[in-house]
Amino acid sequence: MTDVDRHPAWLPPEALRAVGSRRTVVRGAGTLVDTVAAEVARACARYGGTVHRDDAATPVDLVLALAPSGDLGPEGYALSRDDGVTVVRADEPPGLLYGFFHLVRLGESAFESARPVERHAPALHRRMVDHWDNVAVHPVMGQVERGYAGGSIFWRDGALRADLDRVGEYARLLAACGFNAISVNNVNVHLTEAHLLTDRLGDVAAIAERLRPYGIRVHLSVSFASPVILGGLPTADPLDGRVRAWWAATTRRAYEAIPDLGGYVVKADSEGQPGPFRYGRDHADGANVLAEALAPFGGVVHWRAFVYNHRQDWRDRSTDRARAAYDHFTPLDGRFADNVIVQVKHGPIDFQVREPVSPLIAAMPATRIALEIQATQEYTGQQRHVCYLAPMWSEVLRFAAGPTVAELVDGGGLVVVSNVGDDPFWTGHPLAQANLYAAGRLAWSPDRDPMSILDEWLDLTFPPGTTGDPDLVRRALHAVMDDSWRTYESYAAPLGIGFMVRPGHHYGPDVDGYEYTPWGTYHFADRDGVGVDRTRATGTGFTGQYPPPWRDVYESLDRCPDELLLFFHHVPYGHVLRSGSTVIQHIYDTHFAGVERVAEMRRQWAAVADLVDPRLHARVTERLDEQMRSAEEWRDQINTYFSRKSGVADAHHRAIHR
Ligand code: GCW
């Protein structure tokens, strides 16, 4: 078995058939150019083409050339076809690598008719995957925190894996969808993992070596308390001279071992992680001391804005978790060093299936902001449910209050929490691969249509020759995946309320699971109504964190979009939505409809049983069975809960348990 057979994903050999059957010349020097040449050579060995380096071998069908002209940018490329020759040209090696993968996506069509010159360059320069992988298995969170695809591809039982071949395969997959950075350990940095910065740096260097041929730079999650835990200092106070000196010296050593280290990722003063608050300092003080240490080497600090009180008293109605990131960070705008990137989750709470866009993103014009999204499906079915998330991410990236979110995160980029593990299909649910793929493609071009990205992933994953009937397979997968995010939403927590999940593992329904906990995630359902009043008029005032027009749209009961109604308002069950339905009837209707849609997804998938790899078909079938069971459980718990609370009957008299 080849690696690809063992770990099927986008880019099986078949996807390179068009390139591999041509006569190609590769011009230029450098690691990434060598990678391109090796890719072409491997494809040629299989499909009969030829490849030459730097000579003027003629005739050729394809030229892949590093030819600095200064007009394409560090990662850009130009593609054209003239006189029977297809040409990919780049100013710098990363551009040639990305241009090569573009060519692969085009397949045969890259060699058909003439093409005028097209130029391509990424919209966002920082396109990063964050792993929440632990080195040592965590007693509660396991090897990968919120991981639903087996163990870590980097770490195993407290050590670096002996065989890192799979990391090389991963780098290739990431480069092919456009990522250029990765952080290799959990943002919750436990003691073992803290040592990656010092005595276990060799492990990180070994990973960096496998990622480098595909242009992926390594970043490291570090503990803010490192000067104490690793350096033996009595304090980690960022304004203490010894602490500054420790970070400077430690960072210098890190760059000696890994000259292209990207920098650090920090979760500070968040869910028990240490941070500057302990010393009476703020997050700008904290981030800047690391930034100062990284600056001489061109490194950056990704400083997470996920800071809130997780020891809240549920009786306290004045604290609103949604407000926390904005309240903590906006006063610091302008104080962060140039190489600090404040990394903001896309919603104000925590990766729920539906949240408004975080108001913090538009509120720090003098700070570099990165958008953090979550491919690992913590709250969206944990890779047991199909949930193609690109439509949600695309809505976030296109959201505008003046500039779009994509424009606002220009300086910081896009960061996606990985959904990958050592599972043979990489992501547990084979179809969850599309989320990682789409995250990379959206980081490259945030205005891409998520459905065309899905097409691209389908073409690269199930190229003709690997399935019995590519068109039928494509139609079935579209039927299963296109609306899967909205389907999930329809049977999970309704109308933007979120967090009706089982505490701890976060899978499956538990309407009151978080209602009386310290986590700040409440729905306030009673016999009369449900939802969180976040208005300025009568609630927590969160709506005031948005710029116009959103501060008024969300404030207004009439103008607030239905899907976010309960995020912003507490309303009676009889409240009439913009759709014309009442809140309670909407809850019943969507929960019945969602389960029906899952049943239809199963039928669609069953129809392609003989057309795709049997292992893959079996895996998806098994997951769809579980999705069906779980969706029914969601439907029944949510409907029963609200029917009991409200006493309102379903207008269509369907079965609701009482
Ligand atoms: O959603 C929460 C998760 C935690 C995670 C945290 C974070 C890594 O439940 O497991 O910790 O978010 O983003 O820091």
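## Around strand E17

In this predicted model, Val342 sits across from Ile369 in strand E17. That match belongs to a longer run of pairing, since strand E16 (residues 340-345) and E17 go parallel to each other over five bridges. E17 also pairs with E18, again in the parallel sense and again through five bridges. There, Leu371 faces Leu414 in E18.

How many of the residues of strand E17 are buried? Six of the seven in the stretch 368-374 are, so the strand is largely enclosed by the rest of the structure.

## On to E7 and E12

Strand E18 (residues 413-417) has parallel pairing with E7 as well, through four bridges. In this pairing Asp130 is placed opposite Val417. E7 has another parallel partner in strand E12 (residues 181-183), joined by three bridges, and here Val129 is matched with Ile182.

Side chains in a regular strand alternate between the two faces of the sheet. You can see a split like that in E7 (residues 127-130): Arg127 and Val129 point one way, Met128 and Asp130 point the other way, and all of them are buried.

## The six-stranded sheet

There is also an open sheet of six strands, ordered E2-E1-E3-E5-E4-E6, with mixed pairing. Strands E2 (50-53) and E6 (115-120) take the edges with a single partner strand each, so one side of each has no neighbour in the sheet. From one strand to the next, the twist averages 15°.

Inside that order, E3 (residues 62-66) and E5 (residues 85-90) are parallel partners over five bridges, and Leu64 has Val88 of E5 opposite. Which helix lies across this part of the fold? Helix H4 (residues 93-106) does, crossing E1 (23-27), E3, E4 (77-82), E5 and E6, and it runs at about 50° to E4.

## Salt bridges worth a click

Opposite charges on side chains can pair when the charged atoms come close. The salt-bridge count for this model comes to 49. One of them joins Arg23 and Asp61, with an N to O distance of 2.8 Å. Arg23 is in strand E1 and Asp61 is in the loop between E2 and E3, so this pair ties together parts 38 residues apart in sequence. Is Asp61 buried or exposed? Asp61 is buried, at 14% relative accessible area, whereas Arg23 is partly exposed at 37%.

Next up is Arg354 with Glu395, at 3.3 Å from N to O. This one links distant parts of the chain, 41 residues apart: Arg354 belongs to the loop between E16 and E17, and Glu395 to helix H12 (residues 390-398). Arg354 is buried at 9% relative accessibility, while Glu395 is partly exposed at 36%. Both residues belong to a salt-bridge network that also takes in Arg486, Glu489 and Glu563.

Then there's Arg536 and Asp552, whose closest N and O atoms are 3.0 Å apart. Arg536 is in the loop between E19 and H18 and Asp552 is in helix H18 itself, so parts 16 residues apart in sequence get tied together. Arg536 is partly exposed at 33% relative accessible area, and Asp552 is partly exposed at 35% relative accessibility.

## Two buried spots

Val532 is in that loop too, between strand E19 (529-530) and helix H18 (550-555). Why does Val532 count as buried? Its relative accessibility is 6%, and the cut-off for buried is under 20%. Setting aside neighbours within four places in sequence, Val532 is in contact with Ile497, Tyr522 and Phe524, plus Leu566, Phe567, Phe568, His569 and His570. Val571 is 39 residues away from Val532 along the chain, yet their C-alpha atoms are separated by 8.6 Å.

Thr250, in helix H9 (residues 241-257), is buried at 1% relative accessibility. Leaving out residues up to four places away in sequence, Thr250 touches Leu197 and Thr198.

## A nonpolar patch outside

Which residues form a nonpolar patch on the surface? Leu191, Val228 and Ile229 do, with about 230 Å² of accessible area together. Ile229 is part of helix H8 (residues 226-229) and counts as partly exposed, with 38% relative accessibility.

Methods: Residues numbered from 1 in each chain as written. Predicted model: local features only at pLDDT ≥ 70, side-chain atom pairs only at ≥ 80, totals over all residues. Heavy atoms only, no water. Patch = residues over 30% accessible without salt bridge, like charges linked within 9 Å, V, L, I, M, F, W, Y side chains within 5 Å. Areas by Shrake-Rupley, 256 points an atom, 1.4 Å probe, with all protein chains shown as cover. Salt bridge = Lys/Arg side-chain N within 4 Å of Asp/Glu carboxyl O. Buried < 20%, exposed > 50% of the residue type's maximum accessible area, 1.4 Å probe, protein only. Pairing = 2+ DSSP bridges. Axes fitted to C-alpha atoms, helices over the stretch in contact; angles between N-to-C directions. Contact = heavy atoms within 4.5 Å.
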